[in-house]
Structures are given as C-alpha cells and as structure tokens.
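These are my notes from one sitting with a structure. I wrote down each thing I looked up, in the order I got to it.

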Amino acid sequence: MEEESLRSMSKRLGITSGEVLKKAAELQRLMDVRGCAMALTSVAKPVICLEIAAFGLNIPVDKNVAIRLSGMTKKAYIHAFKTIECVLGKQKELTIKDLAVQFGCMEASNLAHQIYQRYKEAFVKDVEDISHPIFVATALFTACKHQKIKVDKTKLLNLLATKRSTFDSLHKKMEKVIPTLESAVNNKRTSKRSYGFLDKVNEIVEDQSHSSKLSKTDEEATDREDRDKEYEEWKQKIIESATKALSAGKKTVEKQKS
C-alpha cells in the first residue's frame, strides 16, 4: 500500500528517478522504526519522504505542488518537512557548488564564493546564523544576476522554503558587496603597476650609476662629491617625470571608465 502511494505521488510530483523512489521507501520505513509521532495523513507522509529523498540526490521538486498534494498549509508542511528531516538525520548542508551544478551556473560559482566570504567577514552580526542555506543560495543568485546568467528564482525559493521578501532583502545586502570586491581588485592591480614602473626606473638609474662609478679613475676622486650631487639631482628629475606620466595615465583610464 505504501509503495503504491509512493509511486502515485512520485508521478504527480514529476519524479521519474527510481533511485528517489527507493530512497523514499527507506525513509518511510525509518520513520516507522523511529516512531515519528507526527500526525501526518497517508498522502502527506509519502510526499514529504519523496521530497527529502529527491533533495538528498540533488533532484529539484516543485514545493508548491508538494504542498498542494499533501493537503496541508504551507506553514504546516514546511514545519513537518524540517521536523522529519531532523528525526531522520537527513539535513543536507547546501554548498555553492551543489547549487551551481543543480541550476547549471558553474561559471558564477567563483564570484559567489567571494560574495559569500566578504559578506560573512564584513556584514554579518554575531546574532545572524550564516549557516542557513539561504546565504549560499543568495550569494549564487547575486553572482548570476551580476554576470547576467539566468537562474530560476522560483525554483530556488522552493528549494530553500523561505519567504521571497527575506530572500530579496538579503540579495540587496549582498549586491553591495560586489563594488567592494571590484575596488579591491582594481587597487591591487594599480598598486602592482605603479610599483613595477617606478621600480624599473630606479633599477635603470642604479645600473647606470654603478657603471659610471666603476669607470672612474683615481684622478677623478677629487671632484667625486660634485658628480654625485649632480647624479642625485638627475635621478630625482627622472623619477618625478615618471611619476607625472603615470599619474596622467591613471586619469585617462578613469575618464574612459566613467
């Protein structure tokens, strides 16, 4: 009887995987063994077990359809789902990689990791639970939107079983992280470019100085101080000219960006 109910519900949920069906049957038996005291109808029980099984195998299920089939309210269904997950020890920790594979947006995973880490470091208060899957999911969604990669937001919300308003609020916060990431990258590139240019000027100047000093004879030793002074003045002019050229180049790049 239970197996027939599982097959019937799996078809109505659009689940075609035999592996999900087999796993759901195991979960139902485990519920009976552990004496789950929740008052669930003969329909709600297989629906929840099927969704938990599908979730564990990274197979998406339309939660709205599952709720409708269960005959429960959304709030009651989500509560029952989370409770049974805990009883069965089937809570799955979602990762950015898991979600990126599931939603076909692996190219956004690197930026999503950066957004998640920066948000975690700079914006999360001690009272906020960063372990909730909504954080990695929102980081991935934010990265996809920034890179203009389409993601089924409704399906993502169904997977998280969270309110759209909560998700949208977190998304707006994470969008603010992206400019700080881009600024850090630009500053790093500018710093490296500036150091390399000026350092090369100094290197050339020092090489010329070394060659000049090696060619000096003992007879020139009497006016060495004057020559060294002239050399230092010449070196300073070279560095100042290089610095001005670099500054002008930066301004040109900034004008082009704006």
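Is Asp168 buried, exposed or partly exposed? I looked up its relative accessible area and found 23%, so Asp168 is partly exposed. I note here that the model is a predicted one.

**Entry: the partner of Asp168**

I checked what the side chain of Asp168 meets. It forms a salt bridge with the side chain of Lys153, at 2.6 Å from N to O. Asp168 lies in helix α10 (residues 164–175) and Lys153 in helix α9 (residues 153–160), so this pair ties together parts 15 residues apart in sequence. I added one general remark for myself: side chains of opposite charge can pair when their charged atoms come close.

**Entry: the whole chain**

I then stepped back to the chain. I counted 12 helices and zero strands. Read from the N terminus, every element is therefore an α, as the run α-α-α-α-α-α-α-α-α-α-α-α shows. The chain has 258 residues, and 33% of them count as buried. I looked up the exposed surface and got about 16500 Å², with carbon and sulfur atoms supplying 52% of it. For contacts with a separation of 6 or more, I found that 72% join residues 24 or more positions apart.

**Entry: the other salt bridges**

How many salt bridges does the structure hold? I found three. The pair of Asp168 and Lys153 is one of them.

Another joins the side chains of Lys63 and Glu51, at 2.6 Å from N to O. Lys63 is in helix α4 (residues 63–70) and Glu51 is in helix α3 (residues 44–56), so the bridge ties together parts 12 residues apart in sequence. I looked up the burial of this pair, and both Lys63 and Glu51 are buried.

I also wrote down the bridge between the side chains of Lys23 and Glu26, at 3.7 Å from N to O. Where do Lys23 and Glu26 sit relative to each other? Both are in helix α2 (residues 18–33), three residues apart, so about one helical turn separates them. Lys23 has a relative accessible area of 30%, so I put it down as partly exposed. Glu26 is partly exposed as well, at 34%.

**Entry: α1 against α3**

Two packed helices are described by the angle between their axes and the distance between the axes. I looked up both values for helix α1 (residues 2–12) and α3. The axes come within 9 Å and cross at roughly 65 degrees. The crossing of α1 past α3 is right-handed.

Which residues meet there? From α1 I listed Glu2, Ser5, Leu6, Met9 and Ser10, and from α3 I listed Lys45, Pro46, Val47 and Leu50. Sorted by class, the contact has five nonpolar, two polar and two charged residues.

**Entry: Lys45**

I followed one name from that list. Lys45 lies in helix α3. Is Lys45 buried or exposed? Its relative accessibility is 17%, and buried means under 20%, so Lys45 counts as buried. Leaving out residues up to four places away in sequence, I found that Lys45 touches Glu2, Gln28, Met31, Asp32 and Leu40. Glu2 is also in the list for α1 meeting α3.

**Entry: two positive phi values**

Most residues other than glycine have a negative phi, and most peptide bonds are trans. I looked for residues that depart from the first half of that remark and wrote down two.

Asn58 has a positive phi, near 60 degrees, and is not a glycine. I located Asn58 in the loop between α3 and α4. Its relative accessibility is 32%, so Asn58 counts as partly exposed.

Lys148 is not a glycine either, and its phi is positive at about 60 degrees. Lys148 lies in the loop between α8 (133–146) and α9. Is Lys148 buried or exposed? It has a relative accessible area of 76%, so I entered it as exposed.

**Entry: Lys120**

My last look-up was Lys120, which is in helix α7 (residues 109–122). Its relative accessible area is 40%, so Lys120 is partly exposed. I also checked the spacing of Lys120 and Phe135. They are 15 residues apart in sequence, and their C-alpha atoms are 9.2 Å apart in space.

Definitions and conventions:
Residues numbered from 1 in each chain as written. Predicted model: local features only at pLDDT ≥ 70, side-chain atom pairs only at ≥ 80, totals over all residues. Heavy atoms only, no water. Helix = DSSP H or I, 4+ residues; strand = E, 2+ residues; numbered from the N terminus. Buried < 20%, exposed > 50% of the residue type's maximum accessible area, 1.4 Å probe, protein only. Contact = heavy atoms within 4.5 Å. Areas by Shrake-Rupley, 256 points an atom, 1.4 Å probe, with all protein chains shown as cover. Salt bridge = Lys/Arg side-chain N within 4 Å of Asp/Glu carboxyl O. Axes fitted to C-alpha atoms, helices over the stretch in contact; angles between N-to-C directions. Left-handed = near helix turned anticlockwise from the far one by under 90°. Nonpolar A, V, L, I, M, F, W, Y, C, P; charged D, E, K, R; others polar.
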